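Reader: I am new to reading protein models. Could you take me through this one in short steps?

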Amino acid sequence: MKESGFAAAGSSGEVVIADAMVQPLRSAPLPDWRQKLSEIDWVPDLGEDIGSPRWFRGLATLTLLTVGALSLLPDFAPVYGAQSPMPAGTQLEEVRAQMIMPIAYGSDTGRRMAANDSVRALAASPERPRIELTATLGRGDSFARVLQRAGVGSGDVDRVLGLVSGATRLTDIEPGTTLEIVLGRRTSKNAARPLESLDFRARFDLRLAVNRTESGALSLDRQQIMVDTTPLRIRGVVGQSLYRSARAAGAPAEAVQNFLKVIASRTSLSSLAATDEFDLIVDYKRAATGEVLVGDLMFAGIDRGGKPRIQMLKWNSGDSSQWFEASGVGESRGQLSRPVNGSISSGFGMRRHPILGYKRMHAGLDFKAGYGAPIFAATNGVVAYAGRKGGYGNFVQINHGGGIATGYAHMSRIAASPGQRVRQGQIIGYVGSTGLSTGPHLHYELYRDGRPINPLSITFTQRAQLSGGDLSRFKGELARLKAVKPGAALAPLPASARRNEEPQREIDRISAVKIGSSKPAG
């Protein structure tokens with residue numbers, strides 16, 4: 001430390017200065033250039049101080065970075081891999097045996113070659129000697145149209161229809177049936193190709209094949225397929241869930257749903273005990289070729305304590321089917337369906353008539369509907385009247401049994417006749433404005449023992465009782481189904497019934513022919 005003294009007017013003092021401060025200023029180290037660069041703000045916020053030198057410096061930095069990124073953009077040109085060398089020697093001979101390209105295009109070398117004077121254009125390109133194709137019979141389609149679309153000539157179509165109709169009805173061929181068709185060589189381009197062969201599954205138990213013989217005629221080959229029609233019977237314990245128990249036992253989902261509907265029509269499902277046993281029988285068919293066809297539910301039963309509690313059998317009578325109890329009594333419950341697609345415009349009861357001008361009883365319901373809209377039968381029944389009836393105009397009345405009948409008025413056209421049996425939802429006429437009507441609508445009435453009642457207040461019940469020969473056949477069918485053992489339909493088919501579908505190799509077939517022809521005579 002050094003002491004320095006100085007005097008001022010009226011005062012005196014001294015200052016102590018460190019030795020380091022006495023050193024000259026030029027001996028202090030200068031700032032490093034890296035430190036200067038680090039102090040520069042290269043990436044300022046361009047949203048602040050717009051137009052200032054600091055802002056322009058940031059804009060320059062952004063521009064340089066963008067240009068640098070674009071300059072380093074990769075190239076998307078294809079990358080060519082190494083090409084395999086041309087085959088030679090034995091490998092070349094193997095490849096040539098598989099080539100189908102014409103020699104003019106370089107089949108020997110694989111390189112495209114220009115045609116020389118030796119190449120002449122063909123007057124007509126050759127056609128394939130035969131065409132193999134597959135056609136499918138669609139819903140609403142006909143067997144004849146499928147063949148015509150496939151290219152079969154009209155003459156062959158007529159002959160095929162004659163042969164096939166002699167073996168089975170054409171309407172029995174179900175939609176989705178696959179037709180394997182082979183067309184042969186035609187004589188000219190203006191003629192249709194002749195049918196060489198046709199193979200398809202006509203029914204579940206029948207396969208038909210149409211082939212052209214050496215004489216040129218078409219012949220039919222019937223291949224009857226053995227089918228096991230043993231119904232599928234499934235039994236089990238209800239447990240906590242009837243649906244889950246039945247599905248776990250192997251019953252089809254659709255059959256279980258129908259089973260629940262049938263049982264629910266006889267008793268509440270909640271009243272079933274966990275120890276009750278369910279018993280259902282489904283129509284089941286197995287072909288010898290391995291296909292399986294699951295049909296409708298045929299029997300539904302519930303046993304309690306080893307004794308039948310509910311036994312319901314589906315019985316077909318004509319075009320309709322109904323569930324009957326084991327005693328031969330059938331019953332169906334439910335509400336009448338809406339006779340037309342429209343809302344109710346006028347209800348049942350007293351009202352002022354829009355034409356007559358005074359109050360009178362409106363003995364039915366009026367439905368809004370456009371002119372010509374279809375009118376449906378509310379439920380199954382027999383047409384008791386169909387014709388003109390005073391202020392009702394064109395009128396149809398249907399008797400449904402048990403004293404219940406329905407009436408449909410003001411029709412523009414009637415589509416039913418007296419005595420005709422109609423089913424629920426069948427069209428019986430069309431909306432109009434005949435009789436005392438201010439516009440097109442449907443006046444719908446419901447009668448009980450001949451007196452009109454409010455159609456919205458009834459739930460119909462229909463009962464049917466089998467008797468005579470129908471009851472005997474019903475009892476026999478019930479006994480036959482009850483005699484089926486559970487799971488009997490799943491037993492293996494007899495060995496003689498199963499066809500050997502294992503394909504034979506072509507080399508084995510040729511070898512067998514050669515061996516057979518090489519055997520000495522005698």
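Reader: Which residues is Phe143 in contact with, leaving aside its neighbours within four places in sequence?

Author: This is a predicted model, where local features need pLDDT of at least 70 and side-chain atom pairs count only at pLDDT 80 or more, while totals for chains, interfaces and linings use all residues. Residues are numbered from 1 along each chain as its sequence is written, and side-chain values use heavy atoms, with hydrogens and water left out. Contact means heavy atoms within 4.5 Å. By that rule, Phe143 touches Leu137, Val160, Leu161, Val164, Leu170, Ile173, Leu179, Leu198 and Phe200.

Reader: Is Phe143 buried or exposed?

Author: Buried means under 20% relative accessible area, exposed over 50%, and partly exposed in between (1.4 Å probe, protein chains only). Phe143 has a relative accessible area of 6%. Therefore Phe143 is buried.

Reader: Which element gives the largest share of the largest nonpolar core?

Author: A nonpolar core is a set of buried Ala, Val, Leu, Ile, Met, Phe, Trp, Tyr and Cys residues joined through side-chain atoms within 4.5 Å. The largest one has 25 residues, and Phe143 is among those with the most contacts inside it. Helices (H or I, at least four residues) and strands (E, at least two) are DSSP runs, numbered from the N terminus. Five residues of this core, the largest share, come from H6.

Reader: What kind of aromatic pair do Phe143 and Phe200 form?

Author: Rings of Phe, Tyr and Trp (its six-membered ring) pair if their centres lie within 6.5 Å; planes under 30 degrees apart count as stacked, over 60 as edge-to-face and the rest as tilted. Here the centres are 5.3 Å apart, with 50° between the planes. The pair is tilted.

Reader: How many residues apart in sequence are the parts that this pair ties together?

Author: Phe143 lies in helix H5. Phe200 lies in strand S5, so the pair ties together parts whose separation in sequence is 57 residues.

Reader: Which strands stand at the edges of the five-stranded open sheet?

Author: Two strands pair if DSSP finds at least two bridges between them. The strand order is S3-S4-S5-S6-S7, with antiparallel pairing. Each edge strand has a single partner, so one side of each is left without a neighbour in the sheet; these are S3 (131–136) and S7 (218–224).

Reader: Which residue in S7 stands opposite Asn211?

Author: Strand S6 (residues 206–212) pairs with S7 in the antiparallel sense over seven bridges. Opposite Asn211 stands Ser219.
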